[in-house]
Amino acid sequence: MLEHPRYRPAPRWKRDKIMVTGLPLYTDLADTKPEALRDPLSVPGDKRVLLIFCGINGAQRISIAVRTQLDALCEWYSVLHVVGKGSLDPKLTGRLGYRQMEYPHDDMPHALALADLVIGRAGATTLAELAAR
């Protein structure tokens with residue numbers, strides 16, 4: 001068992017039941033290809049890609065802020081906006097320079113690889129995944 005100098009060791013009767021692990025990350029972060037999402041989502045290659053996501057459930061306040069600034073954002077970026085389940089805005093489907101999608105579980109590593117700039121809530125897992133990219 002690994003022991004950290006800042007923490008007391010676990011009681012002997014628990015040591016056989018404890019496993020030290022790291023932060024769980026996508027195992028395929030190093031093997032991603034931006035084209036895996038660029039082509040299916042028709043994200044053009046002539047602009048930088050801005051990925052906006054706020055966890056699996058999304059963050060309504062951030063989505064509202066993004067959608068109110070879409071004209072300015074789409075002037076500079078191809079915007080890939082990951083929203084919470086049931087939060088797609090049908091009025092924005094097909095908008096030039098903007099793609100919205102519900103959390104892309106298996107495709108999230110590809111979305112990270114596609115992004116030039118990311119706006120997110122900066123939780124521990126998000127920061128670790130971005131650093132691993």
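The legends below describe close-up views of one predicted protein model.

**View 1. The whole chain, with its helices and strands in order.**
The predicted model holds 5 helices and 4 strands. From the start of the sequence to its end, these elements follow the pattern α-β-α-α-β-β-α-β-α. The protein has 133 residues, and 33% of them are buried. Its accessible surface comes to about 9100 Å². Carbon and sulfur atoms account for 53% of that surface. Among contacts with a separation of 6 or more, 63% join residues 24 or more positions apart.

**View 2. Strand β2 and its two partners.**
Strand β2 covers residues 77–83. With 6 of its 7 residues buried, β2 is largely enclosed by the rest of the structure. Strand β1 (residues 48–52) is joined to β2 by 5 bridges, and the two run parallel. In this pairing, Ile 52 of β1 stands opposite His 81 in β2. Strand β3 (residues 98–102) is also joined to β2 by 5 bridges, again in a parallel arrangement. Here Leu 80 of β2 stands opposite Arg 99 in β3.

**View 3. Strand β1 beside strand β4.**
Strand β1 is mostly covered, with 4 of its 5 residues buried. Besides its pairing with β2, β1 is joined by 3 bridges to strand β4, residues 117–119. Strands β1 and β4 run parallel. Leu 51 stands opposite Val 118 in β4. Val 118 is also one of the residues that Leu 51 touches, as are Leu 117 and Ile 119.

**View 4. The largest nonpolar core, around Leu 51.**
The largest nonpolar core has 15 residues. Leu 51, Leu 80 and Met 108 have the most contacts inside this core. Strands β1 and β2 and helix α4 (108–114) each supply at least two of its residues. Helix α4 gives the most, with 4 residues. Not counting residues up to four places away in sequence, Leu 51 touches Leu 80, Val 82, Met 108, Ala 111, Leu 112, Ala 115, Leu 117, Val 118 and Ile 119. Apart from the largest core lies another core, of 9 residues. Leu 50, Val 66, Cys 74 and Tyr 98 are among the residues of this other core.

**View 5. The cavity and its lining.**
The structure holds 1 cavity of 30 Å³ or more. The largest cavity has a volume of about 30 Å³. Its lining is made up of Val 43, Pro 44, Ser 78, Val 79, Leu 80, Gly 97, Tyr 98 and Arg 99. Strands β2 and β3 are the elements that give two or more residues to this lining. The largest share, 3 residues, comes from β2. Two of the lining residues appear in other views: Leu 80 belongs to the largest nonpolar core, and Tyr 98 belongs to the core of 9 residues.

**View 6. Val 43, in the loop before β1.**
Val 43 is placed in the loop between α1 and β1. Its relative accessible area is 7%, so Val 43 falls under the 20% limit and is buried. Leaving aside neighbours within four places in sequence, Val 43 is in contact with Arg 38, Val 49, Ser 78, Arg 99 and Leu 114. Of these, Ser 78 and Arg 99 line the largest cavity, as does Val 43. Tyr 98 is another residue of the lining. Val 43 and Tyr 98 are 55 residues apart in sequence, and their C-alpha atoms are 8.5 Å apart in space.

**View 7. Thr 32, in the segment before α1.**
Thr 32 is located in the segment before helix α1, residues 35–38. The relative accessibility of Thr 32 is 10%, so it counts as buried under the 20% cut-off. Not counting residues up to four places away in sequence, Thr 32 touches Pro 109, His 110, Ala 113 and Arg 133. Three of these residues, Pro 109, His 110 and Ala 113, lie within the span of helix α4, 108–114.

Notes: Residues are numbered from 1 along each chain as its sequence is written. This is a predicted model: local features need pLDDT of at least 70, side-chain atom pairs count only at pLDDT 80 or more; totals for chains, interfaces and linings use all residues. Side-chain values use heavy atoms; hydrogens and water are left out. Buried means under 20% relative accessible area, exposed over 50%, partly exposed in between (1.4 Å probe, protein chains only). Contact means heavy atoms within 4.5 Å. Accessible areas come from the Shrake-Rupley method with a 1.4 Å probe; for residues, only the protein chains shown count as cover. Two strands pair if DSSP finds at least two bridges between them. A nonpolar core is a set of buried Ala, Val, Leu, Ile, Met, Phe, Trp, Tyr and Cys residues joined through side-chain atoms within 4.5 Å. On a 1 Å grid over the protein atoms alone, a cavity is a set of points where a 1.4 Å probe fits but cannot get out, and a pocket is an open set with protein on both sides within 12 Å along at least five of seven lines; lining residues have an atom within 4 Å of a point. Grid points are joined across faces, edges and corners, and a volume is the space filled by probe spheres set on the points.
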